[in-house]
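Subject: Structure for you, plus my notes

Hi,

Here is the structure I said I would pass on. Have a look at it first, then read my notes below.

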Amino acid sequence: MTSEATVGRDATPDDARETHVGARTAYETNDTGAQRDPALALRTVSKSYGDTPAVCELDLAVEAGEIVALIGPSGCGKSTLLRLVAGLERPDAGEVRVGDATVAGRGAWVPPEKRRVGLVFQEHALFPHLTVGDNIRFGLAGVARAEQDARVRKVLELVHLPHTVDRYPHELSGGEQQRIALARSLAPRPEVVLLDEPFSSLDESLRARVRTDTVDALRATGTTAILVTHDQTEALTVGDRIGVMRAGVVEQLGTPAEVFERPVSRFVASFMGDADFLPVVADEHGLMSELGRVMVRTDVDAREAEVVVRPHEVALTLTLPADGGDGVARARAVVERVEYHGAFVLHTVRLPSGRTVRSWQPHSVRYPVGTEVVASIQPGLVPSLLVGDHTLPTPD
Ligand SMILES: Nc1ncnc2c1ncn2[C@@H]1O[C@H](COP(=O)(O)OP(=O)(O)OP(=O)(O)O)[C@@H](O)[C@H]1O
């Protein structure tokens with residue numbers, strides 16, 4: 001744990017809103033017109049463990065008040081990145097900056113307790129022999145007692161647990177312990193909070209509630225955060241931006257919509273959300289897939305191209321619409337698998353080529369296995385096109 005007394009300006013909810021709105025801008029200017037540093041920046045940072053590279057020339061800038069969700073396969077370097085920021089590891093090369101200070105690299109080294117970086121782990125890691133109040137005070141050494149009490153009250157209100165101040169951790173549920181861990185990390189008013197899979201030990205329904213409380217508390221205090229998660233939905237719903245990591249680098253950093261709707265690569269397309277890949281053929285107008293026209297441009301080599309089809313992009317109908325002469329290609333397909341997910345039903349259909357694609361249907365639609373359906377791209381949606389392992393930029 002790195003928390004230590006860190007005293008900063010009192011943030012207000014209004015500040016948080018302003019900061020949050022501004023958080024999407026790459027580099028803001030302050031009142032004097034000067035460029036403002038990101039709250040956190042890693043510049044060409046590398047770290048290996050012996051012969052194992054964990055983080056490779058990684059660049060990342062997180063703006064003040066922004067929440068970045070980091071996602072990627074096991075072993076891609078997410079925890080190492082957090083440990084480098086927290087000061088639990090030293091980079092082999094590159095620079096780590098928190099606010100306007102270099103905390104590692106370029107000859108600098110600021111120890112963890114002086115970095116103004118808070119940590120929240122998967123295991124809540126509260127001190128079992130200390131009350132909730134004293135757990136939170138632990139990171140406030142050097143702060144006057146009256147101010148400590150005020151901060152304890154404030155952070156407990158933020159996480160909706162003011163009544164637990166005199167309880168011991170074993171008198172709290174798992175979700176409550178996790179919210180106290182967050183409160184403890186916020187009390188010293190850190191510049192950045194790092195959350196390493198903080199909700200993964202909680203069951204599904206509790207997870208959603210604790211997640212909402214956590215995001216609300218981060219927003220209310222305008223705290224900059226990196227959240228490591230294995231959960232795509234969590235990344236999409238929590239992150240202002242999502243960093244998709246692979247083999248020690250951030251392969252794509254973008255808003256949830258950018259990462260989901262315009263993945264830069266085959267890896268991101270298949271890692272963030274379900275995706276099926278279909279080959280395309282060229283005709284005089286552009287590229288056609290089995291589900292319809294993909295692109296009107298003709299400067300792409302169809303032999304190397306594939307269309308990325310997400311289940312929400314695939315329409316299924318029982319009969320051809322009356323205006324079937326509209327030039328839209330549709331494939332006759334057979335329903336092969338039906339999975340009921342509650343609000344939606346996932347249909348897997350086999351196309352004439354033998355390939356399968358998946359389609360989300362509203363919960364009221366359940367075509368029995370074996371039904372002949374017509375599959376096409378949902379009108380108005382433009383699926384991504386892969387050429388080799390990379391997607392082509394989609395015109396807005
Ligand atoms: N202390 C260590 N000693 C040796 N190798 C390590 C150490 N910590 C991590 N590694 C290796 O560094 C690479 C990155 O590990 P890291 O824990 O950062 O990945 P991760 O993305 O957080 O994985 P997970 O999602 O499984 O937690 C992996 O190959 C891992 O085996």
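Let me start with a residue out in a loop: R106 has 11 C-beta neighbours inside 10 Å, so it counts as exposed. R106 sits between β5 (101-105) and β6 (108-109). Its backbone caught my eye too, since the phi of R106 is positive, near 50°, and R106 is not a glycine.

E57 shows a similar quirk, but in a strand. Its phi is positive at about 45°, again in a residue that is not a glycine, and E57 belongs to strand β2. With 14 C-beta neighbours inside 10 Å, E57 is classed as partly exposed.

Before going on, a word on confidence. This is a predicted model, so the usual care applies. The protein has a mean pLDDT of 85, with 87% of its residues at 70 or more. The weak spot is residues 1-31, where the pLDDT is below 50; in the model that stretch still has 60 contacts beyond near neighbours in sequence. The scores for the model are ipTM 0.98 and pTM 0.84.

Now the overall layout. The protein contains 9 helices and 22 strands. Of its 396 residues, 41% are buried. Among contacts with a separation of 6 or more, 66% are between residues 24 or more positions apart. The domain assignment splits the protein into domain 1 (13-266) and domain 2 (285-391). Where the two domains touch, 5 residues of domain 1 are in contact with 5 residues of domain 2. On the domain 1 side, that patch is made up of 2 nonpolar, 1 polar and 2 charged residues.

On to the ligand, which is probably where you will want to look. Which residues surround it? They are Y49, T52, A54, G72, S74, G75, C76, G77, K78, S79 and T80. By class, the shell has 3 nonpolar, 7 polar and 1 charged residues. Both β2 (52-62) and α2 supply at least two residues of that shell, and α2 gives the most, with 3 residues.

Helix α2 deserves a paragraph of its own. It covers residues 78-86, and 8 of its 9 residues are buried. Those buried residues are K78, T80, L81, L82, R83, L84, V85 and A86. Two of them, K78 and T80, also turn up in the list of residues around the ligand. Right after the helix comes G87, with a positive phi near 90°.

α2 also leads us into the interior. Nonpolar side chains in soluble globular proteins tend to be buried together. Here, the largest nonpolar core has 90 residues, and those with the most contacts inside it are V85, A183 and L194. This core takes at least three residues from each of domain 1 (13-266) and domain 2 (285-391). If you want to see how α2 is tied in, look at L194: leaving out residues up to four places away in sequence, it touches L82, V85, A86, V117, L119 and I226. L82, V85 and A86 are among the buried residues of α2.

Two last residues make a nice pair to click through. Is R241 buried or exposed? R241 has 22 other C-beta atoms within 10 Å, and the cut-off for buried is 20 or more, so R241 is buried. It lies in strand β10 (residues 241-246). Apart from neighbours within four places in sequence, R241 is in contact with E66, V68, L253, G254 and T255. R241 and A257 are 16 residues apart along the chain, with their C-alpha atoms separated by 9.0 Å.

S205 is the other one. It is found in helix α6 (residues 204-221), and it is exposed because it has 9 other C-beta atoms within 10 Å. From S205 to V192 is 13 residues in sequence and 27 Å in space, C-alpha to C-alpha.

That's my tour. Shout if anything is unclear.

Cheers

How values were computed. Residues are numbered from 1 along each chain as its sequence is written. This is a predicted model: local features need pLDDT of at least 70, side-chain atom pairs count only at pLDDT 80 or more; totals for chains, interfaces and linings use all residues. A residue is buried if 20 or more other C-beta atoms lie within 10 Å of its own, exposed if 12 or fewer, and partly exposed in between; C-beta atoms are placed from the backbone. Helices (H or I, at least four residues) and strands (E, at least two) are DSSP runs, numbered from the N terminus. A residue is near a molecule or strand if its C-beta atom, placed from the backbone, lies within 6 Å of it. Ala, Val, Leu, Ile, Met, Phe, Trp, Tyr, Cys and Pro count as nonpolar, Asp, Glu, Lys and Arg as charged, and the others, Gly among them, as polar. Domain bounds come from an automatic or database domain assignment. Two residues are in contact if their C-beta atoms, placed from the backbone, lie within 7 Å. pLDDT is the predictor's confidence in each residue, from 0 to 100. A nonpolar core is a set of buried Ala, Val, Leu, Ile, Met, Phe, Trp, Tyr and Cys residues joined through C-beta atoms within 7 Å.
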